Amino acid sequence: MTRVEVKPGDGILVTRNLTKIYGERVALEKVSVAIEKGKTTVIIGQSGCGKTVFMKHLIALERPTEGEVFFKGQRIDQLHNHELAEVRTSFGFCFQMGALFDSLTVYENIIFPIQQHREIKDFKVLGELVKLKLALVGMDGYQHQYPASLSGGQKKRVSLARAIALNPEVVLYDEPTTGLDPITSDVINELIIKLQRELKITSVVVTHDMKSAYKIADRIIMLHRGKIAADGDADYIRNHPSEVVRQFIEGRIGEADLAALRLGGTKFPTQFQPEDFSGT
Amino acid sequence: MVTLAVWRKFKQQVEHLGRFSRFSGSAFGAMGSSIAHPKTYPLVWTQMNIIGVKSVPVIMATGAFVGMILAVQAYSQLAAMGLEERLGVLINIAVVKELGPVLAAVMLAGRVGGALTAELGTMNVTEQIAAVESMGTDPIKYLVSPRVLACLLLTPVLIVYADLLGILGGYFVSVIQFKINSGAYWDYSAMGVELWDVGTGIFKGFFFGGAIALISCYKGFTCREGAQGVGEACTEAFVGCFISILALNYVFAVILDAIYKTFWPLRPLL
């Protein structure tokens, strides 16, 4: 696959030769991507292929072993934490399990970033702001509930409301539909599309839910073993010639893996009977 | 092979120590910034309430029992020599100098240290700490510095409570149970216990408090994933706090003794 060298100004978020090595395991290997402003970019790939690691690098929650990360042309991977604080206010991060502060109410969760970075002291204004953000995700009225009393889908929606509390330019979603039923998943998909259209937010979504990816993506990037295996729009990915990509999008096990499973023995532990162990 | 394993283990421990030192450095830096910004005071008040105010009953009970037990254990020994009226000086010096501060700190390590590690550990494994960071807030400043500050400031106060109840516990057992003359009990105590003894006991509290908070928060921040990870971190935090309290106590015993002997070389002979 021929690679075009990306430049810091090619997109709102740019990674150049991003490499991350944990001990002896290579999680990312020379990943160069330019993420376009105002578009939804979906990162797909098998579990453990480096999707979440890649996304955490975009907000410098992880530091690369090699390579560079740029946000609006500014290199951010080498910034000190206190310099990053300002950069991070331009981002919203929706964590896989919501990561809501369980000792705080929904209201307190949403005003957290506002109180940290804005000088709004009027509780009436704060209340209106929270109401507005919650209304955007269809959760107005839940202000005084604690995260423990919310369902998985509701937690993700509140997490999304918190992520957009500071009107960010970029929202990063880590597996937003994982663990949700198909209808709630579709609600989340619609919310991602709505936020991108109405608030002109740049979205980066990490997922392995292909239905969701096809629905929300302007561009899909597939990572395989820490490298880019495919990069294009939904149609390009749907008709991709590579076997690795086809297997993933069709949810099909590879011949090599299947052969390994067949060779793995005919009797599984659950098939053993007590008498199998009593002869000796 | 064994040498290699020992070397690896040693290297791992040095790395841990390095990480802990960096963590402590960041926490102290953040604490300085917290003191300078009144915006963070509510966080410190909240932690002071959780760490300090709610620990008062258990610390007072610990102190009272220490004094009472010392009275029961020492009475027969001193009575055999006809020195029972000197029970006060023995109890009170032991309480204010060593047992009050150390046992109050150990109690605090169990009650507060475990809770801090479990709370921060759970926040860590559920990505809540990463969420704080992703929103442009320094998690050390927001989560660690208020806890360290609260522990640092309130451990000496809690030691005063432990001392007070230890003194009263010892007094009541001595005077009411063993019928020692109250006046003589206090007179001998006043002769033997100096302001220096009380002061050094309280002074050590700052360091015990700091060690408890820093070790517990560090273990919470670095705990492994899963319920087992959080459980292990809590155990390691308590063991770490306990050993540190004893080690710090030994270091202070040596240093403070040397200081005392330098300034008042003849007093121990009187």
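Biologist: Which strands of chain A does helix α6 (residues 182–199) lie across?

Modeller: Helix α6 of chain A lies across β3 (40–44), β7 and β8 of chain A, and runs at about 160° to β8(A). Keep in mind as we go that this is a predicted model.

Biologist: And what makes 160° roughly parallel or roughly antiparallel?

Modeller: Angles over 145 degrees count as roughly antiparallel. The angle of α6(A) to β8(A) is about 160°, so by that cut-off α6(A) is roughly antiparallel to β8(A).

Biologist: What sheet do those strands sit in, and in what order?

Modeller: Six strands of chain A form an open sheet in the order β6-β7-β8-β3-β9-β10, with mixed pairing. From one strand to the next, the twist averages 15°.

Biologist: Why are β6 and β10 (227–232) of chain A called edge strands?

Modeller: Each has a single partner strand, so one side of each is left without a neighbour in the sheet.

Biologist: How do you know that β6(A) pairs with β7(A)?

Modeller: Two strands pair if there are at least two bridges between them. Here β6(A) and strand β7 (residues 170–174) of chain A are joined by four bridges and run parallel, so they count as a pair. One of the partnerships is A:C94 with A:Y173 in β7(A). Moving on through the sheet, β7(A) and strand β8 (residues 202–206) of chain A pair over five bridges in the parallel sense, and A:D174 has A:V206 as its bridge partner in β8(A).

Biologist: Which way do the residues of β6(A) point?

Modeller: A:F91 and A:F93 point one way from strand β6 (residues 91–94), while A:G92 and A:C94 point the other way. In a regular strand, side chains alternate between the two faces of the sheet. As for burial, these β6(A) residues are all buried.

Biologist: What about the open sheet of four strands in chain A, what is its order?

Modeller: The order there is β2-β1-β4-β5, and the pairing is antiparallel. The edges are β2 and β5 (74–75) of chain A, because each has a single partner strand.

Biologist: What makes β4 and β5 of chain A a pair?

Modeller: Strand β4 (residues 66–71) and β5(A) share two bridges, in the antiparallel sense. The cut-off is at least two bridges, so the pair qualifies. A:F70 has A:R75 as its bridge partner in β5(A). A helix also covers part of this sheet: α1 (residues 51–58) of chain A lies across β1 (13–22), β2 and β4, at about 125° to β1(A).

Biologist: Why is A:K30 called partly exposed?

Modeller: A residue is buried at 20 or more neighbours and exposed at 12 or fewer. A:K30 has 16 C-beta neighbours inside 10 Å, so it falls in between. A:K30 is found in strand β2 (residues 25–35) of chain A.

Biologist: And what makes A:N167 exposed?

Modeller: A:N167 has 11 other C-beta atoms within 10 Å, and 12 or fewer means exposed. A:N167 is in the loop between α5 (152–163) and β7 of chain A.

Biologist: What is the phi of A:K30, and of A:N167?

Modeller: A:K30 has a positive phi of about 45°, and A:N167 has a positive phi of about 50°. Neither A:K30 nor A:N167 is a glycine. Most residues other than glycine have a negative phi.

Biologist: Over to chain B. Why are α2 and α6 of chain B called oblique?

Modeller: Helix α2 (residues 41–52) and helix α6 (residues 139–177) of chain B pack at about 45°, with their axes 8 Å apart. Angles under 35 degrees would be roughly parallel and 65 to 115 roughly perpendicular, so 45° makes α2(B) oblique to α6(B). Their contact residues divide into eleven nonpolar, two polar and one charged.

Biologist: What makes α8 and α9 of chain B roughly parallel or roughly antiparallel?

Modeller: The axes of helix α8 (residues 195–221) and helix α9 (residues 226–263) of chain B cross at roughly 150° and come within 9 Å. That is over 145 degrees, so α8(B) and α9(B) are roughly antiparallel. Their crossing is right-handed, and the contact residues include 14 nonpolar, six polar and three charged.

Biologist: How many residues of each chain are in contact?

Modeller: Eleven residues of chain B are in contact with 17 residues of chain A. The chain B side has three nonpolar, five polar and three charged residues.

Conventions: Residues numbered from 1 in each chain as written. Chains lettered and ligands numbered in written order. Predicted model: local features only at pLDDT ≥ 70, side-chain atom pairs only at ≥ 80, totals over all residues. Contact = placed C-beta atoms within 7 Å. Nonpolar A, V, L, I, M, F, W, Y, C, P; charged D, E, K, R; others polar. Axes fitted to C-alpha atoms, helices over the stretch in contact; angles between N-to-C directions. Left-handed = near helix turned anticlockwise from the far one by under 90°.
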